[in-house]
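Load the structure in your viewer and have the selection tool ready. The tour goes from a helix pair to the nonpolar cores.

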Amino acid sequence: MMLKWLDVLKFSNNGNPEPDCRVSKTDEQWKSILTPEAYRITRQKGTEKAHSSDMCTLLDPGRYACVNCETPLFDSEEKFESGTGWPSFNQPIKNNAIAYHKDKGFGMYRIETVCNTCDAHLGHVFQDGPRPSGLRYCINAAAMKKLDTNLRKVTLGGGCFWCTEAIFQQLKGVADVKSGYSGGKVMNPTYREVTSGLTGHAEAIEITYNRDEISFYDLVNIHLMTHDPTTLNKQGADKGTQYRSIIFYRNDEERDASMSAINEVQEAYDEMIVTDLQMFEAFYEAEEYHQGYFNQNPTRAYCKVVIDPKLKKFKEKYTDRLLKDN
Ligand SMILES: [Zn+2]
């Protein structure tokens, strides 16, 4: 669930969510492992000078962890350039990664953010951030360390997410596939709301992949060949904008790669490809019972009829190179 300002207020008033685990050390122990600057900021509620770190403008993929306990706090996907001189995020990596406390210091009423695992002071959160959450986590760079990664994310829609999820889970280089909703105007939509067709969301999957093993271009290509990208707002018997064929790009490079893939795959179809290209904004995970539907329910009628034939066609096409051994 994406957090909003109201959630932040509730946490600061009524208590914070339980962290996955706790780390506690004495002041002396913290002092011995942190730089003096990191110690001053995280253990003594300090603030670094604005524009004191290159981390503000850094937008490379990766995660940002607490410099004290190394628990991941933010993902670069949620980072944005606020112009304030401090690294800024729209959302934490998990709802329970951060704890919120009322801070009435310096004659202001603010919400302080701390690492929920080790209580390190991080910065503050404000309600003047960009869409969709409207939050701006203003965090001291010295309170974080960047964890580099070759994992990337791509968000695709091609009709019912049960079918598309089952296909991508078969691929080498794919670390994780989640079913959800993307491309609409409503925060934290439910399945029922999305199927009404009124939220503007498409049923979508979010694929986490290792870019050293499979490329964005390959994934988009496979996507275009494993659903019907030529039917507008429709996939087989499923009709409505929530079933539209869509590729969400995160930068110009991905947009260009998507257009090349469409051009290449067009030859395989008689009809015109109508796949939508849209700038990625947010992905909302579907309810728990939707995740891994095919693997959990291989004998259910829906999967037999709709998913099996698609997978079969797909497995024949992408044999050794792309498929996991199973
Ligand atoms: Zn921490």
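**A helix pair and two cores**

In this predicted model, start with α6 and α7, which are oblique to each other. The reason is the crossing angle: the axes cross at roughly 40°, and angles that are neither under 35 nor over 145 degrees, nor from 65 to 115, count as oblique, so this pair falls in that class. The two axes come within 9 Å, and the crossing is right-handed.

Next, select the residues where the two helices meet. On the α6 side, pick F216, Y217, V220, N221, L224 and M225; on the α7 side, pick E254, A257, S258, A261, I262 and V265. Coloured by class, the residues of this contact divide into 9 nonpolar, 2 polar and 1 charged.

Now widen the selection to the largest nonpolar core, which has 37 residues. Those with the most contacts inside this core are F168, V174, A204, I205, I207, L219 and V220. At least two core residues come from each of the strands β10 (151-158), β11 (174-182), β12 (202-210), β15 (245-249) and β17 (283-285), and likewise from each of the helices α4 (161-168), α6 (216-226) and α7 (252-266). The element that gives the most is α4, with 6 residues.

Centre on F168. Which residues is F168 in contact with, leaving aside its neighbours within four places in sequence? They are V174, V177, I205 and I207.

Last stop: another core lies apart from the largest one and has 32 residues. Select I98, L135, Y137 and A143, which are among them.

Technical notes. Residues numbered from 1 in each chain as written. Predicted model: local features only at pLDDT ≥ 70, side-chain atom pairs only at ≥ 80, totals over all residues. Core = buried A, V, L, I, M, F, W, Y, C linked by C-beta atoms within 7 Å. Buried ≥ 20, exposed ≤ 12 C-beta atoms within 10 Å, placed from the backbone. Helix = DSSP H or I, 4+ residues; strand = E, 2+ residues; numbered from the N terminus. Contact = placed C-beta atoms within 7 Å. Axes fitted to C-alpha atoms, helices over the stretch in contact; angles between N-to-C directions. Left-handed = near helix turned anticlockwise from the far one by under 90°. Nonpolar A, V, L, I, M, F, W, Y, C, P; charged D, E, K, R; others polar.
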